[in-house]
Every structure is written in C-alpha cells, then in structure tokens.
Amino acid sequence: MNLKILFWLLLPVQFIIAQGSIFDEIAGTINDLTKISLNILDISDTEENDIGTALAAELESEMKTGTTKKWDVKKIFNKVVKTVSRKNIKYSYKIVADDEVNAFAIAGGRVYINTGLLNFVKSEEELAFVIAHELAHIDKKHCINKIKLTYIAGKVNVTLAMLVDAMKSVYDIPFNKYDEFEADDFGVKMMQKAGYNKKGGIDFFKRLAVHFDESERDPINDFVASHPLSLERAKRIEKMK
Ligand SMILES: [Zn+2]
C-alpha cells in the first residue's frame with residue numbers, strides 16, 4: 001500500500017493516541033494535586049512553596065515575559081531578598097510584559113513586576129521599595145492568609161488543588177488597608193537593611209498620586225486599590241525612622 005494512503009487511513013488512530021496521552025497527563029497532574037492534603041490552619045513554608053509552584057504554573061501560562069534595559073532588577077532584588085525573615089520560602093521574581101504601573105506577589109515567594117512599573121520608577125530606590133513591599137506581603141503571610149481566608153469557613157483539611165483554585169479567584173482581590181500599611185512598614189525596614197534610602201518609597205507614592213487620578217482607583221492594582229491613598233502612604237513613610 002502506498003505510504004501516503006496508509007498515513008491518511010491511520011490518521012484518526014494517531015489523533016486518538018495523541019489525545020489519550022494529553023488526557024492521561026492532565027488527569028495525572030490533577031490526581032497528584034488532589035492527593036496532597038493540607039491542614040489549612042497550619043500550612044508549612046514547604047507546603048506554601050508547593051502552592052506557589054502550582055499557582056505560578058497556572059498564572060504564568062497567561063503571562064508574557066518582559067525585559068528591561070533600564071534597571072539591573074536582578075541586583076536590586078538580590079539585595080532586598082537577603083532581608084526576608086522566612087528563609088525557607090523560595091523567593092524569586094519575573095518581569096511581566098504589561099504597561100500597567102503595577103507589581104504583585106503570590107504565596108510561595110514569587111514577585112511579578114510589570115514593564116509599566118519599571119518604566120515608571122525613576123530611581124533604584126523607588127524600585128527597591130516596590131520589591132521590598134511585595135516581598136513583605138509574602139514574608140508577613142498576607143498572600144497565604146488571603147487563600148486561607150477563602151477556605152476557613154468550616155474546612156480545615158483541603159487539598160492543594162482546592163487551594164490553587166481558590167487562589168486563582170482571590171489573587172486579584174486587593175489586600176486590606178492593614179496589610180498594605182504593614183507591607184509598607186516592613187518594606188521600608190527591608191530596603192533600609194539592604195542599604196537603600198526610604199525616600200524611594202516616598203517619591204514612588206507621591207509620583208503615583210499624580211500619575212493616577214485618586215478618584216479613579218483600580219481595585220486590582222496593588223498600589224492604587226481603593227485604599228489607602230498614595231499620598232497617605234507617602235506621609236506615613238515620611239514619619240518612619
Ligand atoms: Zn501591597
């Protein structure tokens with residue numbers, strides 16, 4: 001038989017085989033996640049890393065990686081990350097190709113910085129503050145607590161798959177005012193320990209207040225959510241030691 005005809009005759013079989021393996025792979029991943037049961041009230045740093053890895057795989061599939069020639073992000077990140085207190089968390093960062101002036105952090109140590117923010121900041125200190133603020137959200141457990149809160153009602157034992165699913169729906173909910181203030185406070189302490197001047201935080205918020213109309217807040221932007229206002233945050237940092 002002509003090889004070409006054989007190829008076309010067997011095409012449906014080839015398709016089924018190919019599809020089968022993809023389905024097996026997906027089913028396998030789901031099973032692995034479902035098997036991992038977690039005590040929601042007592043998630044260890046290692047478990048948080050696992051949650052972060054699973055969640056990052058989901059989020060990053062929808063992200064476009066960006067680059068910058070303006071800053072040595074790696075150098076600044078490495079200086080600031082030395083000051084975190086939870087040393088077992090696998091901290092890392094990624095640049096996202098997105099024009100919005102924003103950055104965000106997820107449980108398990110990953111910080112995402114938009115190219116829009118890298119273009120907006122005017123000094124290494126400003127960028128160091130943003131990185132420190134995001135790292136503080138993770139280090140102070142704001143990220144993992146946000147996931148926990150969605151499950152706390154009645155459920156103590158959940159699976160990793162359930163948590164990742166919950167996180168996908170809560171990662172774009174802004175942190176509350178107290179978490180923001182705490183991340184600003186610890187962010188400033190961390191950047192200072194790393195050798196940066198807190199003026200970076202003050203400059204950043206003052207210029208942000210001009211860049212964004214404070215009456216038009218973006219609820220899912222970590223720096224311009226409904227509260228607290230940028231100028232209020234700049235003033236708080238001015239008062240810090
Ligand atoms: Zn924040």
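**Exercise 1.** Work out how confident the predictor is in this chain, and where the model should be left alone.

*Solution.* Start with the overall score: this is a predicted model, its mean pLDDT is 81, and 73% of the residues reach 70 or more. Next, look for a weak stretch. Over residues 6-28 pLDDT stays under 50. Then check what that stretch touches: the model gives residues 6-28 one contact beyond four places in sequence. Finally, the reading rule: where pLDDT is low, don't read the predicted coordinates in detail.

**Exercise 2.** Take stock of the chain: how many helices and strands are there, and what share of the residues is buried?

*Solution.* Count the elements to get ten helices and five strands. Now for burial, where the cut-off is 20 or more other C-beta atoms within 10 Å: 35% of the 241 residues pass. As for contacts, take those between residues at least 6 apart in sequence; 70% of them join residues at least 24 apart.

**Exercise 3.** Lay out the three-stranded sheet and say why β2 and β3 each have a side without a neighbour in it.

*Solution.* First get the order, β2-β4-β3, in an open sheet with mixed pairing. β2 (92-96) and β3 (103-106) sit at the edges with a single partner strand each, so one side of each has no neighbour in the sheet. From one strand to the next, the twist averages 20°. Now zoom in on β2 and β4 (residues 110-114): the two run parallel, joined by five bridges. To pin down the register, pick lysine 94, which stands opposite tyrosine 112 in β4.

Notes
Residues are numbered from 1 along each chain as its sequence is written. This is a predicted model: local features need pLDDT of at least 70, side-chain atom pairs count only at pLDDT 80 or more; totals for chains, interfaces and linings use all residues. Two strands pair if DSSP finds at least two bridges between them. Helices (H or I, at least four residues) and strands (E, at least two) are DSSP runs, numbered from the N terminus. Axes are lines fitted to C-alpha atoms, for helices over the stretch in contact, and angles run from 0 to 180 degrees between N-to-C directions. A residue is buried if 20 or more other C-beta atoms lie within 10 Å of its own, exposed if 12 or fewer, and partly exposed in between; C-beta atoms are placed from the backbone. Two residues are in contact if their C-beta atoms, placed from the backbone, lie within 7 Å. pLDDT is the predictor's confidence in each residue, from 0 to 100.
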